[in-house]
Amino acid sequence: MGGDEALVEARGLRKSYGAVEAVRGIDVTVRRGEAFGFLGPNGAGKSSTMRMIAAVSPPSGGTLRVLGMDPTDDGPAIRSRLGVCPQEDTLDSELTVRENLLVYGRFFGLSRPEVARRADELLAFVQLSDRAGARVEQLSGGLKRRLTVARSLINEPEMLMLDEPTTGLDPQARHLLWDRLFRLKQQGTTLLLTTHYMDEAEQLCDRLVVIDEGVIVAEGSPAQLIRDHSSREVCELRFGADDHQGVAERIQHLGERLEVLPDRLLVYAADGEAVAQAVHEGGLTPRSTLVRRSTLEDVFLHLTGRSLAE
Amino acid sequence: MAGRVESATAGLVWRQLDHWRVRWRRTWRGSAVTTFVLPVLYLLAMGVGLGAYVDEGGPQASLGGVNYLDFIAPGLLATSVMQTAVGASTWPVLGAIKWDKTYFAMIASPLRPRDVLLGNLAFVAARLLMTAAVFWLVLLLFGVVALPWALLAIPAGVLIGMAHATPLFALSARLERETGFMLIYRIGVVPMFLFSGAFFPVSQLPDPLQWLTQLLPLFHGVELVRALTLGRPDLLVDVGHVAYLLLWCVVGLALADRSLARRLGG
Ligand SMILES: Nc1ncnc2c1ncn2[C@@H]1O[C@H](COP(=O)(O)OP(=O)(O)OP(=O)(O)O)[C@@H](O)[C@H]1O
Ligand SMILES: [Mg+2]
């Protein structure tokens, strides 16, 4: 269990689908035991990268080693040690919740008694024991997601790969899942996840890369990224609909940086309260004012000029 | 080296046993009616009912001098396994790619697309064996099988089914939408069902159609099963039928392997 053993090593990794260049040369190293995140907007290339690492999609260029092996040659050996929770559910809707786990575990060469034991444990782990006999097609989206996570753990993977694990979950279900992932991490499982929720990245990831249009635009721990690419605080100001641009020019000098969004202005500064006060003193009366700490969302906005959510 | 890969594949195919077993348990009822009940109705309506008229002046020479029931019974066995094969290699295949995406789940495990293909085809073969065997027992009850040759009609049924299942699997693995299946049924399956010599001798067809029919695997399947259930195989001719059906299996398998690998490995 060498603390800095690299489980994933990608250099200049590329993926094209015909003319579409989804991943355009990324370098990533994921070490054993860490929780590593890919943060990026729709179409950034997160899932494409995950599928290459999961040894189901051959890279179009660059080099990739996963668990010290080459995914093109050693796919089965690599996949036997990975857990994969894909972006879209791939459950067998005709089977029951428990059957989905039972048959899946067999693909890894586990014996029937062993999969039965693990299936029951995992159902308890994701709080689905009471639905064990239900048909998957009767489950809600959030319950399916939990089952998918349970299924990805059936082979006790060294590295768990989660592609947008909590998209579509209600807040309670998200927190349950975060808690479970946190526990797995404590037990030494390496986590590799994609998300476009900055709070998720902040909660779960030791280290992350921000990826946009197939390239990495920033890398580091959440705190470090915020330190490097944003101010300590942000003052959010909402004015009447049209005059944002004009107001922006008048308050430009109050912060280190200013972003104009469709519905609000963001002024980046070490002291957000001071900005809010200066705005009022300058004779402007925003409809609402909010001072908060910088988040990864701000980092992303700064680096790409776009917000994460859309 | 090749040997090592081969044996690894066998192991990975075997790991799917429970998957296909459980799926079979869930879905067999839906296919039972089309697989067994309809052919028996055909056998009664056409073999017995229509047969009474066909046979009025004694067994027809164009039918090879046998009763109409004896003539169409093997034809129905062949068309039934064909239909089972079509059912098992069209919608479920596209479903496992597009709707449930279960193939994608399978290849996220150690299984490779080829293992998934072979596992699925083994499952299809098992279904075909079941169809052929049950249908054969029905024929036995109708008293239209000449033992011992007729026993070979069961493996022949599996062969006929696979000759259809493998190329159709390849096609399904390439389809974007299920509308393609309607086309396959209308311009492929239904005409083949009617004109492959199951219900009347293809010698009744105009020449060009006869030639066309003889390219179809089903025609060779019908002829093969008929020779077997009537208990009068002609070694050279029937080995020819078997070889032709095998050719379809082999080419179909190669195409299916390529199609599925491409579809899943994007
Ligand atoms: N199988 C495919 N065939 C063709 N193009 C694809 C395929 N998969 C992805 N793409 C394209 O590659 C680009 C990156 O897609 P990818 O799914 O990797 O992005 P993503 O970051 O996961 O986005 P999202 O947040 O929406 O899931 C997109 O332009 C997408 O349309
Ligand atoms: Mg994605």
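User: What places A:Arg151 over the face of A:Tyr104?

Analyst: A:Arg151 lies 4.5 Å from the ring centre of A:Tyr104. A charge sits over a ring if NZ of Lys or CZ of Arg is within 6 Å of the ring centre and within 35 degrees of the ring normal, so 4.5 Å meets the distance limit. A:Tyr104 also belongs to one aromatic cluster with A:Phe107 and A:Phe108. Before we go on, please note that this is a predicted model, where local features need pLDDT of at least 70, side-chain atom pairs count only at pLDDT 80 or more, and totals for chains, interfaces and linings use all residues. Residues are numbered from 1 along each chain as its sequence is written, chains are lettered from A and ligands numbered from 1 in the order in which they are written, and side-chain values use heavy atoms, leaving out hydrogens and water.

User: How far is the charged end of A:Arg257 from the ring centre of A:Tyr268?

Analyst: That distance is 4.0 Å, so the same 6 Å limit is met here too.

User: Why is the pair of B:Trp91 and B:Tyr185 called tilted?

Analyst: First, the structure holds 14 aromatic pairs over all chains. In this one, the centres of B:Trp91 and B:Tyr185 are 5.9 Å apart and the planes differ by 40°. Rings of Phe, Tyr and Trp (its six-membered ring) pair if their centres lie within 6.5 Å; planes under 30 degrees apart count as stacked, over 60 as edge-to-face and the rest as tilted. The angle of 40° is neither under 30 nor over 60, so the pair is tilted. B:Trp91 lies in helix α4 (residues 91–99) and B:Tyr185 in helix α8 (residues 179–195) of chain B, so the pair ties together parts that are 94 residues apart in sequence.

User: And what makes B:Phe193 and B:Phe199 edge-to-face?

Analyst: Their planes meet at 65°, with 5.1 Å centre to centre. That angle is over 60 degrees, so the name follows.

User: Why does B:Trp91 count as partly exposed?

Analyst: B:Trp91 has 33% relative accessibility. Buried means under 20% relative accessible area, exposed over 50%, and partly exposed in between (1.4 Å probe, protein chains only), so 33% falls in the middle class. B:Tyr185, at 26%, is partly exposed as well. B:Phe193 and B:Phe199, by contrast, are buried.

User: Why does B:Val189 count as buried?

Analyst: Its relative accessibility is 6%, which is under 20%, so B:Val189 is buried. B:Val189 sits in helix α8 of chain B, and it touches B:Met82, B:Val86 and B:Ile184, not counting residues up to four places away in sequence. Contact here means heavy atoms within 4.5 Å.

User: What makes β2 and β4 of chain A edge strands?

Analyst: Three strands form an open antiparallel sheet in chain A, in the order β2-β1-β4. The strands β2 (20–31) and β4 (61–66) each pair on one side only. Strands (E, at least two residues) and helices (H or I, at least four) are DSSP runs, numbered from the N terminus.

User: How do you know that β1(A) and β2(A) pair?

Analyst: Two strands pair if DSSP finds at least two bridges between them. Strand β1 (residues 6–17) of chain A and β2(A) have nine bridges, so they pass that mark. Within this pairing, A:Lys15 stands opposite A:Val23.
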